[in-house]
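Trainee: I would like a close look at a single part of this protein. Please take me through how the helices and strands towards the end of the chain are arranged.

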Amino acid sequence: MTNDIVIFKALRLPAPDIEALLQGRSILAISNQFINRDKFALYSTDILMNPLPVEQYYHPNFVHIAQRSLRESVTHSLTIKTWAKCEWCHDINPETIATLSKLTIWTKSALEETLALRKNIFFLYLRVYHLSKPIQIIVKENNQFIPLPKRVTVDDTNPVLTDNIFKIRKRQLEKLEPPQHPELERLLDVVSPQTINNPRAKQLEQDIHKFLGWSNSKTIKCLDSDLAWTKEIAALGNRSKQEDSGKSNYQAGTDFENIIRQSLEFLGFTVDYFHKGGAGGVDVFCSHPYPLVGECKAGKKIPNNTAVQLLNLGTLRLQSQELFKQATKLIIGPGEPTIQLKEAAKVHGMAIINPETLEKLVELQNKYRNSIDLFKLKDFLKAGQSDIEIEKYIVQVEEEIKLRSHLVGLVKNYLESSGLKNIGVDALHGAYFGSNPPQPLKIKEMQEILIELSSPLTGYLGRIKSTDGKSDKFYFLRDLTTDTNSV
């Protein structure tokens, strides 16, 4: 249910502070006046709250974001993309500044200097929402609030943070609870500066943000520009002379080999780049988590002699014949394999898959990070053509994710409707069968999945452990969304 709200003014904040609110890493703003239970748009300025340099004003893991935000901010003509409700406001006790700094984007020095300059400052607890349409304004003054050109009707359908995450963060600040995972925040000090030119660092940063509760999983999407290559796997495998205009057969084949290596790395394999393909070499060799040797063929069909070629090159080029015998053997190429190739692949224990199948695996891994279990995948790489088998594995993973999404949603909805803070397995098991479940579950099976969902590496649920191990309580942390959430 949406609530239409009318706003007619905007609050001026430093551009980095607004960026932190939009990213979900902060729910606070600094004000020089008491404000409570008010609603307003947020507009950015390149002026900080005190004259300290950016490097001393913000924590190290936020400095590069702050610098970029200040460069991009415009003080005379700008676009407003967000609005906020002020849920609470209080002044800052000088004795709590050291603890507050650890829970905010501002350094201890920044808060001390701001307090010294202004004598009295307030923390605003802001529930922030994205605007459905941006507001264009021209700023001619430096007041804390400015009037909007006209009154704007907004709604609360697109919050940066879920209700539950906001409540948890607000409570943490109110009670001055220490950061739950300071080691991950320190890791951000190392990762964040590398995100501009490193897509993997960017993804790791987003994963850490989600785990720390700095982001709403509904609003986080992988950057298309970072992962555009995932949609090119099939196209590079199914090459034609027209598509390769101006490109040699060697270069076309190399392009395909490169994206296969990139795909296997994305799935979790460790690619040994000592083996780089080319004339007389194996196209792909992965050393972990188990040895895998592959042959890549771009074009319209896989040549008949590919299985024999992989056998000969693998035997000659790998460190030992024993390693080749133990390795999973994979042929990746377009079209329907000939009967001769299928038979040769079965004799030599080689799986054959199309580029489209590999692209589907990569898409699944992109959509649900770390959902691919490479050892389970290995069981589906059957000798001969394996596309149908891999499709079965993909369906299996999607069903497992759908089940877990259903349970996360069930916990969330049950707690919201009942007003309880947590729920036991027995009560949840009873509610499960009235929730149109995707499959039957025994209590023990449900408990095992709930424990998995509440582990530090997933963090969709929280868990209150019991002494007997049977009376654990669970509570909601963040959504696990699928294309068709059933709860």
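Mentor: What follows goes through the helix contacts, then a sheet, and then a cavity. Keep in mind that this is a predicted model.

Start with helix 17, which covers residues 425-432. Helix 16, residues 387-418, packs against helix 17 with the two axes 11 Å apart and an angle of about 110 degrees between them. Angles of 65 to 115 degrees count as roughly perpendicular, so helix 16 is roughly perpendicular to helix 17. On the side of helix 16, the contact is made by Leu403, His406, Leu407, Leu410, Val411 and Tyr414. Helix 17 brings Ala427, Leu428, Ala431 and Tyr432 to this contact. Sorted by class, the contact has 9 nonpolar residues, 1 polar residue and no charged ones.

Helix 17 also meets helix 18, which spans residues 443-453. Here the axes come within 10 Å and cross at roughly 110 degrees. That makes helix 17 roughly perpendicular to helix 18 as well. From helix 17, the residues involved are Val425, Asp426, Leu428, His429 and Tyr432. They meet Ile443, Met446, Gln447 and Leu450 of helix 18. This contact divides into 6 nonpolar residues, 2 polar and 1 charged. Leu428 and Tyr432 of helix 17 take part in the contact with helix 16, and Leu428 and Tyr432 are also listed in the contact with helix 18.

Now the strands. An open sheet of 3 strands has the order 13-15-14, and its pairing is antiparallel. Strand 13 (423-424) and strand 14 (461-464) stand at the edges, each with a single partner strand, so one side of each has no neighbour in the sheet. Strand 14 pairs with strand 15, residues 473-476, over 4 bridges in the antiparallel sense. One of the bridge partners can be named: Leu461 is matched with Phe476 in strand 15.

Last, the cavities. The structure holds 3 cavities of 30 Å³ or more, and the largest has a volume of about 70 Å³. Its lining includes Leu377, Leu381 and Ile390, and also Leu264, Leu267 and Phe269. Helix 10 (249-267) and helix 14 (355-367) are the elements that give two or more residues to the lining of this largest cavity. The lining residues divide into 11 nonpolar, no polar and no charged.

Key:
Residues numbered from 1 in each chain as written. Predicted model: local features only at pLDDT ≥ 70, side-chain atom pairs only at ≥ 80, totals over all residues. Heavy atoms only, no water. 1 Å grid on protein atoms, 1.4 Å probe; cavity = no way out; pocket = protein on both sides within 12 Å on 5 of 7 lines; lining within 4 Å. Points joined across faces, edges and corners; volume = space filled by probe spheres on them. Nonpolar A, V, L, I, M, F, W, Y, C, P; charged D, E, K, R; others polar. Axes fitted to C-alpha atoms, helices over the stretch in contact; angles between N-to-C directions. Parallel < 35°, antiparallel > 145°, perpendicular 65-115°, else oblique. Contact = heavy atoms within 4.5 Å. Pairing = 2+ DSSP bridges.
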